[in-house]
Each structure stands twice: as C-alpha cells, then as structure tokens.
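User: I'd like to learn how to read a structure like this one. Could you take me through a few features, step by step?
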Amino acid sequence: MTTVMFWSPDGGHGRTAFHAAVTAITASVQYRLRLLLCHNQCRQHGIEAGVLSTDILMNYAQKKPVPGIDRLRYLYKSGILTRSNVSDYMIPLFRDRLDLLIGTDKEGDIQPNDPFWKFLFCTAGRDYDLILMDAGSGIKQMPLLAEADLVVVDLGQDIIHLKAFYDDYANTEVMRSKLWIPVISAYQPESLLIHSNIIRQLGIQQNVYRLNYYQDFQDAWNTQKLISFLRHRLILDLSNTDSAELLRQSFFLTAAILEQLGGVSVISGSVVKFPVST
C-alpha cells in the first residue's frame with residue numbers, strides 16, 4: 001500500500017485538488033502503474049470539479065448501486081468491503097490505469113479521524129499501486145495525514161504563509177514522522193518572491209517544487225476538460241508552447257514523488273522528454 005496525500009496548511013493558498021489531479025494524470029501517462037485518485041470532500045467538489053463532466057456524472061448516477069465513497073463506507077460498516085469488490089465502485093478515467101473515487105453525497109465530510117480511511121487505504125492498496133488523495137487543508141486534517149506514506153505540501157507564493165508552515169506545521173509530530181515534499185502553487189516567475197529567494201530567506205535545505213499558474217490549464221479545469229487537455233499535451237512534443245514549463249514542472253514533481261517512494265517502471269516509449277529548465 002502506498003498513499004500520497006496533497007494537503008495545504010491554508011485553504012486560501014493551496015491548490016491541492018488541481019495538483020493531485022495533474023500528478024495522477026501525469027503518472028498514468030508516464031508509468032506502468034494502476035492509480036486511484038480520491039478526495040475527502042462532497043460529491044462534485046474538489047477533484048471532481050475539474051475531471052468529471054456533468055454527462056459522466058449523470059451516467060454513473062443512473063447505476064445501482066451508485067459508485068462512490070458512500071457505497072464503500074456502507075460496505076465497510078457491513079463488514080463486506082474487500083479487495084475483490086473495492087474497485088467495483090470507482091469511475092475509470094483511463095482504462096486499467098487511473099480510477100476516480102467520487103466524494104460523499106451525505107451532509108458533511110467524513111471526519112479525518114474516521115477509522116474508515118485506514119481500512120480503505122489498506123484494502124484499496126492491495127488493488128492499486130498508488131493512491132493519490134486530495135486531503136484538503138488545515139490542522140484538522142492531521143489525523144488523515146497520519147495515514148499517508150508521503151505528503152505533498154501545497155504552499156502559496158507568500159512569505160508569511162511560507163514562514164507559518166516552516167515555523168509551525170513542519171514541526172508537528174505528523175510532519176516530523178512523514179516523508180513530505182513542498183510545492184509552491186500557482187507560481188508566478190515574474191514575482192519578486194522567486195524560487196531562489198524563498199529558499200534563501202527561509203534557509204530551506206530540501207528541494208522546493210513549483211507549478212506555474214497558466215490560464216489555459218485553469219480554463220480546462222473550469223470546463224471539466226483537464227484530462228483530455230493534459231493527456232494530449234503530455235503525449236505530444238509541446239516544448240515550444242506556453243504550457244511547456246508547467247508540463248515540465250508536473251513531470252519533475254511526479255518523478256520526485258515516485259522516487260521518494262522507491263521508484264517505478266517506466267513504459268518504453270512513453271516518457272516525456274522536456275528540455276532542461278534554465
């Protein structure tokens with residue numbers, strides 16, 4: 001079982017859903033893995049808002065029982081959720097590569113300390129090589145992060161926000177006991193607070209990744225077309241387009257995550273080769 005959680009200390013700065021989705025799509029194109037993408041929010045929110053069209057949701061809504069986390073939780077409470085049936089209630093995004101577990105349709109989120117999460121990760125982890133989860137934001141999610149093998153920390157390009165994380169959150173028991181990777185979300189290279197200045201001012205001793213903000217990607221997210229948009233660009237050689245830098249950053253972040261977890265096999269002929277950033 002390998003679980004990676006995308007989390008932000010402050011909901012106003014991180015883009016955990018976007019980064020979890022981009023990483024999952026990138027990994028599904030690049031590597032020989034079976035992936036599960038999930039979140040801990042309500043249905044049609046978070047990851048679902050960017051990758052599931054209304055037509056797809058309506059199609060699966062007609063199925064009985066309806067796929068999603070509510071069904072899995074029902075099976076868990078009934079004592080019949082197993083490796084043999086856990087994937088029956090997912091929505092396939094890429095056949096045999098990437099599945100999505102849609103969120104709850106009940107009022108209120110499933111609590112971070114609910115024992116259901118640990119059981120789900122253990123059970124699904126026997127059927128999937130990697131589970132990628134948008135774990136939301138805030139200190140309240142710490143019990144959930146405790147179940148992760150690695151945490152991707154989404155940070156804003158804001159010195160106050162960054163200092164608050166490194167001074168406080170990074171020293172919590174959960175973060176001290178976990179592998180974690182920092183990534184600056186919606187990064188703007190024209191800002192005075194550029195990557196090198198952040199590292200210097202805070203004395204950071206580890207790699208800090210970044211994903212630039214690009215409007216065309218945001219538009220794809222807002223129209224629920226992120227999968228086709230990103231997959232198309234990952235397969236093609238787009239080194240001379242405005243999107244190339246974000247794609248390169250996505251590849252580096254995904255590779256860093258998998259390297260921290262011990263590495264994976266690469267599908268021959270499917271590796272995206274971007275020019276080295278200068």
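User: Is E245 buried or exposed?

Analyst: This is a predicted model, so keep in mind that every value here is computed from predicted coordinates. Buried means under 20% relative accessible area. E245 has a relative accessible area of 16%, so E245 is buried.

User: Which side chain does E245 meet in a salt bridge?

Analyst: The partner is R248, at 2.4 Å from N to O. R248 is buried too, because its relative accessible area is 9%.

User: Why are R248 and E245 about one helical turn apart?

Analyst: The general idea is that an α-helix has 3.6 residues a turn, so residues three or four places apart point the same way. In this case, R248 and E245 are three residues apart in helix α12, so about one helical turn separates them. Elsewhere, salt bridges that share partners join R34, D99 and D127 into one network.

User: What else lies in helix α12, and what does it touch?

Analyst: S250 lies in helix α12, residues 244-260. Its relative accessible area is 2%, so S250 is buried. Leaving aside residues up to four places away in sequence, S250 touches V22, T26 and L211.

User: How many salt bridges are there?

Analyst: The count comes to five salt bridges. One of them joins the side chains of R43 and D70, at 3.8 Å from N to O. R43 lies in the loop between β2 and α2, while D70 is in helix α4, so the pair ties together parts that are 27 residues apart in sequence. Both R43 and D70 are buried.

User: Where do R73 and D114 lie?

Analyst: R73 is in helix α4 and D114 is in the loop between β4 and α5, so this pair ties together parts that are 41 residues apart in sequence. The side chains of R73 and D114 meet in a salt bridge of 2.5 Å, N to O. As for accessibility, R73 counts as partly exposed because its value is 24%, whereas D114 counts as buried because its value is 16%.

User: How should I read the crossing of helices α4 and α5?

Analyst: Start with the distance and the angle. The axes of α4 (residues 69-77) and α5 (residues 115-124) come within 11 Å and cross at roughly 95°. Angles of 65 to 115 degrees count as roughly perpendicular, and α4 and α5 are therefore roughly perpendicular to each other. Next, look at the side of each helix that meets the other: I69, L72, R73 and Y76 in α4 meet P115, F116, W117, F119 and L120 in α5. The residues of this contact divide into eight nonpolar, no polar and one charged.

User: How can I check the length of helix α1?

Analyst: Compare the expected span with the distance between the ends. At 1.5 Å a residue, the 15 residues of α1 (residues 16-30) should span 21 Å, and the end C-alpha atoms are 21 Å apart, so the two agree. Helix α1 is also mostly covered, with 15 of its 15 residues buried.

User: Which residue in the loop between β2 and α2 has a positive phi?

Analyst: Most residues other than glycine have a negative phi. Q44, which lies in that loop, has a positive phi of about 70° although it is not a glycine. Q44 is exposed because its relative accessible area is 53%. Another case is Q224, with a phi near 55°, in the loop between α10 and α11. Q224 counts as partly exposed because its relative accessibility is 30%.

Definitions and conventions:
Residues numbered from 1 in each chain as written. Predicted model: local features only at pLDDT ≥ 70, side-chain atom pairs only at ≥ 80, totals over all residues. Heavy atoms only, no water. Axes fitted to C-alpha atoms, helices over the stretch in contact; angles between N-to-C directions. Helix = DSSP H or I, 4+ residues; strand = E, 2+ residues; numbered from the N terminus. Parallel < 35°, antiparallel > 145°, perpendicular 65-115°, else oblique. Contact = heavy atoms within 4.5 Å. Nonpolar A, V, L, I, M, F, W, Y, C, P; charged D, E, K, R; others polar. Expected span 1.5 Å × (residues − 1). Buried < 20%, exposed > 50% of the residue type's maximum accessible area, 1.4 Å probe, protein only. Salt bridge = Lys/Arg side-chain N within 4 Å of Asp/Glu carboxyl O.
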